[in-house]
Amino acid sequence: MAIAGIPEIINNFNMYLTGRKMSGGITGEIKLPDFESMTSTTSGTGILGEYDAIAIGHYASMVQEIPFRCINEDYWKLVNPSVAVELMLRGSIQYSEQATQNAKQMGMRVIYRGRCKKIVVGTVKQRGPMDSSISMELTYIKVEMDGKPRVELDKLNNVFKIGGVDMLAEVKRYT
């Protein structure tokens with residue numbers, strides 16, 4: 001089912017580590033990573049000036065920050081830089097159905113795989129959160145809405161799909 005209405009808010013979300021719901025140490029906000037295409041400048045005869053040609057499926061470093069209110073057991077399970085972890089964010093997108101104006105919900109899921117790149121243990125302040133975080137260098141990300149894949153990038157296994165369509169099929173045919 002596609003959203004037949006006006007998307008409003010993320011009603012709620014949870015984070016999972018290898019399928020197990022993480023404890024309440026995660027903050028209430030997680031910024032998802034950007035997909036920034038790698039490019040090569042193209043210029044030459046027959047071209048007025050230059051432009052950046054996008055290398056399909058090639059993306060710059062993707063870092064996912066996982067913010068914690070305070071360090072806890074789940075925090076320490078993410079810090080080993082030699083072991084890749086899989087995290088899953090599951091959320092509910094609330095929207096207003098246009099025909100009835102009723103509030104409806106739709107599922108969203110983001111799956112990440114990567115290794116710890118940065119550890120911020122945080123600040124110790126009486127009656128305050130530590131504002132700790134882990135930053136992961138992502139090698140895999142998949143975003144789904146309502147159970148349908150929207151984008152999937154697996155840097156180590158040569159996978160790049162948009163809407164379930166293999167964007168590298170033609171490249172793979174020739175290589």
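**Two exposed loop residues, a core and a pocket**

At 53% relative accessibility, Asp131 counts as exposed, since the bar for that label is anything over 50%. The model here is a predicted one. Asp131 sits in the loop between E7 and E8, and its backbone stands out a little: phi is positive, at about 55 degrees, even though the residue is not a glycine. Most residues other than glycine have a negative phi. Arg127 belongs to the loop between E7 and E8 as well. Arg127 also carries a positive phi without being a glycine, in this case about 65 degrees. With a relative accessible area of 78%, Arg127 is exposed.

Turning to the inside, the largest nonpolar core has 30 residues, and the ones touching the most other members are Met15, Leu87 and Tyr112. Two or more residues apiece come from strands E1 (5–17), E5 (63–68), E6 (85–97), E7 (103–120), E8 (132–145) and E9 (148–154). E8 chips in the most, with five residues. Leu87 gives a feel for how the core is wired up: setting aside residues up to four places away in sequence, Leu87 touches Met15, Tyr16, Leu17, Met22, Ile66, Leu78, Val110, Ile111, Tyr112 and Met136.

Gln64, a residue of strand E5, is buried, with a relative accessible area of 0%. What does the side chain of Gln64 have for polar company? A polar atom of that side chain lies 3.0 Å from the backbone oxygen of Lys31. Not counting neighbours within four places in sequence, Gln64 is in contact with Ile30, Lys31, Leu32 and Pro33, along with Tyr112, Ile134, Ser135, Met136 and Leu138. Tyr112 thus turns up among the contacts of Gln64 and among those of Leu87, and Met136 is on the list for Gln64 and for Leu87 too.

Then there is the matter of empty space. Rolling a probe the size of a water molecule over the atoms shows where such space is left. The largest pocket comes out at a volume of about 150 Å³. Its lining is made up of Ile56, Gly57, His58, Tyr59, Leu153, Asp154, Lys155, Asn158, Val159, Phe160, Leu168 and Val171. Strand E4 (50–59), E9 and strand E10 (159–162) are the elements that supply two or more of these residues, and E4 has the largest share, with four. By character, the lining splits into seven nonpolar, three polar and two charged residues. E9, then, gives two or more residues to this lining and two or more to the largest nonpolar core.

Terms used. Residues numbered from 1 in each chain as written. Predicted model: local features only at pLDDT ≥ 70, side-chain atom pairs only at ≥ 80, totals over all residues. Heavy atoms only, no water. Core = buried A, V, L, I, M, F, W, Y, C linked by side-chain atoms within 4.5 Å. Buried < 20%, exposed > 50% of the residue type's maximum accessible area, 1.4 Å probe, protein only. Contact = heavy atoms within 4.5 Å. 1 Å grid on protein atoms, 1.4 Å probe; cavity = no way out; pocket = protein on both sides within 12 Å on 5 of 7 lines; lining within 4 Å. Points joined across faces, edges and corners; volume = space filled by probe spheres on them. Nonpolar A, V, L, I, M, F, W, Y, C, P; charged D, E, K, R; others polar. Polar contact = N/O pair within 3.5 Å; in protein donor to acceptor, adjacent residues only side chain to side chain.
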